[in-house]
Amino acid sequence: MNREDDPHAELREGVRALCAAFPPEYFREVDARRGYPDAFVDALTRAGWLAALIPAEYGGSGLGVTEASIIMEEINRAGGNAGACHGQMYNMGTLLRHGSSEQKARYLPAIARGELRLQSMGVTEPTAGTDTTAIRTTAERRGDRYVVNGQKVWISRVQHSDLMILLARTTPAAEVRKRSEGLSIFLVDLRQAIGHGMEVRPIANMVNHETNELFFDGLEIPAENLIGEEGKGFRYILDGLNAERAIIAAECIGDGYWFIDKVTRYAGERVVFGRPIGQNQGVQFPIAEAHIELEAANLMRFEACRRFDAGLPCGAQANMAKYLAAKASWEAANACLQFHGGFGFAADYDVERKFRETRLYQVAPISTNLILAYVAEHVLGLPRSY
Ligand SMILES: Cc1cc2nc3c(=O)[nH]c(=O)nc-3n(C[C@H](O)[C@H](O)[C@H](O)COP(=O)(O)OP(=O)(O)OC[C@H]3O[C@@H](n4cnc5c(N)ncnc54)[C@H](O)[C@@H]3O)c2cc1C
């Protein structure tokens with residue numbers, strides 16, 4: 001899109017200017033030592049970008065998921081990895097929409113100032129997997145506290161966050177009409193929880209993504225940290241999940257453009273058999289195809305964001321945007337790796353790192369199969385398959 005046609009040109013330029021100080025080499029070095037991009041996330045926080053969604057009255061910029069998604073897109077488009085900090089964007093949606101005014105007044109100004117981080121969301125469990133309403137972690141009310149027992153898996157950024165949104169069962173599944181009832185969400189203060197009823201075990205994984213197993217053994221949470229009404233947590237968490245899908249779709253779009261730019265440049269310069277490899281249709285077509293799919297996915301991403309920001313139902317659009325964008329970025333990644341030949345495997349080119357990073361989004365935060373099942377059931381009205 002040309003600058004004149006892009007209503008978000010100024011926002012993009014602001015984020016790009018910051019990202020210019022953290023080129024792909026920076027993320028490559030962090031990836032190699034399996035570290036956390038502290039300097040980058042600090043700079044992003046200081047510049048206010050991670051407070052984009054916080055209303056101005058609490059010290060943020062009062063922007064929407066559309067703008068939040070552009071910030072995350074630009075990070076990936078510059079060769080970075082927004083996965084280190086995207087949690088703050090989609091978790092914010094849950095707190096803003098369902099948190100009480102006391103909770104907002106207590107946490108949002110400190111988050112906006114960069115003193116508190118809200119980067120984690122604990123939903124997935126080892127036995128339940130994608131079947132979220134089958135989770136077994138319980139939170140039992142005892143006086144002015146809830147006592148949490150159970151286990152979570154793949155919970156990201158816990159070691160780089162102060163707060164976590166936790167989904168737990170507050171009424172046994174046998175006592176509710178539908179399994180989606182009787183679940184509640186809580187704001188867990190990780191600084192108090194870790195070592196006092198909550199244990200964190202890091203999971204080594206394919207991408208440089210700080211993610212963990214969590215064990216709860218009698219963790220006490222003050223009752224005032226319940227978000228919204230007890231038992232309605234599943235409905236609340238869906239809002240956060242839709243924001244997450246739209247924002248991660250934007251990250252995939254950023255990855256996709258990065259791959260297309262990288263491979264287009266390379267294919268124009270790399271000469272084999274006396275001509276640029278990009279002169280061969282066998283090379284051009286997969287790149288062109290990925291570009292077309294990326295542009296189409298981008299339209300769906302903006303539609304999902306628009307609907308979220310307007311308070312309209314957006315489950316279908318958020319899921320479809322995530323599906324299309326993750327698929328398009330993966331096609332672009334494949335073409336980029338393939339046409340770099342052997343160099344695609346060299347860490348110095350950043351292609352193999354970005355290839356691993358974008359692959360994650362076919363599985364998390366929701367697998368492509370489950371999106372297809374959602375669309376079949378909720379959009380097309382076919383019988384539920386799971
Ligand atoms: C790096 C990483 C970070 C993560 N961060 C977080 C986080 O911060 N917080 C959090 O709560 N979770 C997080 N997750 C978990 C993530 O959301 C889940 O891994 C994902 O939802 C898939 O769940 P699962 O791994 O249990 O797979 P399963 O539910 O076991 O499914 C495995 C595969 O089986 C297939 N499948 C399952 N059921 C069906 C069906 N009915 N029809 C067709 N196919 C089906 C799908 O292809 C799926 O990929 C993270 C995961 C990873 C890998």
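**Exercise 1. Cysteines**

Task: Decide whether Cys19 is buried or exposed in this predicted model, and find which cysteine sulfur is nearest to that of Cys19.

Solution.
1. The relative accessible area of Cys19 is 4%.
2. Buried means under 20%, so Cys19 is buried.
3. The nearest cysteine sulfur belongs to Cys85 and is 9.2 Å away.
4. A disulfide needs two cysteine sulfur atoms within 2.5 Å, so Cys19 is in no disulfide.

Task: Repeat these steps for Cys252: is this residue buried or exposed, and how far away is the nearest cysteine sulfur?

Solution.
1. Cys252 has 0% relative accessibility and therefore counts as buried.
2. For Cys252 the nearest cysteine sulfur is that of Cys305, 13 Å away.
3. Cys252 is in no disulfide.
4. A search of the whole structure gives zero disulfides.

**Exercise 2. Asp239**

Task: State where Asp239 is found, whether Asp239 is buried or exposed, and which residues Asp239 contacts beyond its neighbours within four places in sequence.

Solution.
1. Asp239 lies in helix 8, which covers residues 233-269.
2. Its relative accessibility is 19%. The cut-off for buried is under 20%, so Asp239 counts as buried.
3. With neighbours within four places in sequence set aside, Asp239 contacts Arg97, His98 and Phe308.

**Exercise 3. Nonpolar cores**

Task: Find how many residues the largest nonpolar core has and which helix gives the largest share of this core.

Solution.
1. The largest nonpolar core holds 94 residues.
2. Helix 8 supplies the largest share of this core, 18 residues.
3. Phe40, Met72, Ile75, Met89 and Ile111 have the most contacts inside the core.
4. Take Ile111 from that group: not counting residues up to four places away in sequence, Ile111 touches Ile54, Gln88, Met92, Leu116, Leu118 and Leu163.
5. A second core, separate from the largest, has 19 residues, including Val148, Val158, Ala223 and Leu226.

**Exercise 4. Helix 10 and helix 12**

Task: Describe how helix 10 and helix 12 cross, and which residues meet.

Solution.
1. Two packed helices are described by the angle and the distance between their axes.
2. The axes of helix 10 (residues 315-339) and helix 12 (residues 368-379) come within 10 Å, and they cross at roughly 145°.
3. This crossing of helix 10 and helix 12 is left-handed.
4. From helix 10, Gly315, Ala316, Asn319, Met320, Lys322 and Tyr323 take part; from helix 12, Thr368, Ile371, Leu372, Tyr374, Val375 and Val379.
5. Sorted by type, the residues of this contact are eight nonpolar, three polar and one charged.

Terms used. Residues are numbered from 1 along each chain as its sequence is written. This is a predicted model: local features need pLDDT of at least 70, side-chain atom pairs count only at pLDDT 80 or more; totals for chains, interfaces and linings use all residues. Side-chain values use heavy atoms; hydrogens and water are left out. Helices (H or I, at least four residues) and strands (E, at least two) are DSSP runs, numbered from the N terminus. Buried means under 20% relative accessible area, exposed over 50%, partly exposed in between (1.4 Å probe, protein chains only). Contact means heavy atoms within 4.5 Å. Axes are lines fitted to C-alpha atoms, for helices over the stretch in contact, and angles run from 0 to 180 degrees between N-to-C directions. A crossing is left-handed if the near helix is turned anticlockwise from the far one by less than a right angle, and right-handed if clockwise. Ala, Val, Leu, Ile, Met, Phe, Trp, Tyr, Cys and Pro count as nonpolar, Asp, Glu, Lys and Arg as charged, and the others, Gly among them, as polar. A nonpolar core is a set of buried Ala, Val, Leu, Ile, Met, Phe, Trp, Tyr and Cys residues joined through side-chain atoms within 4.5 Å.
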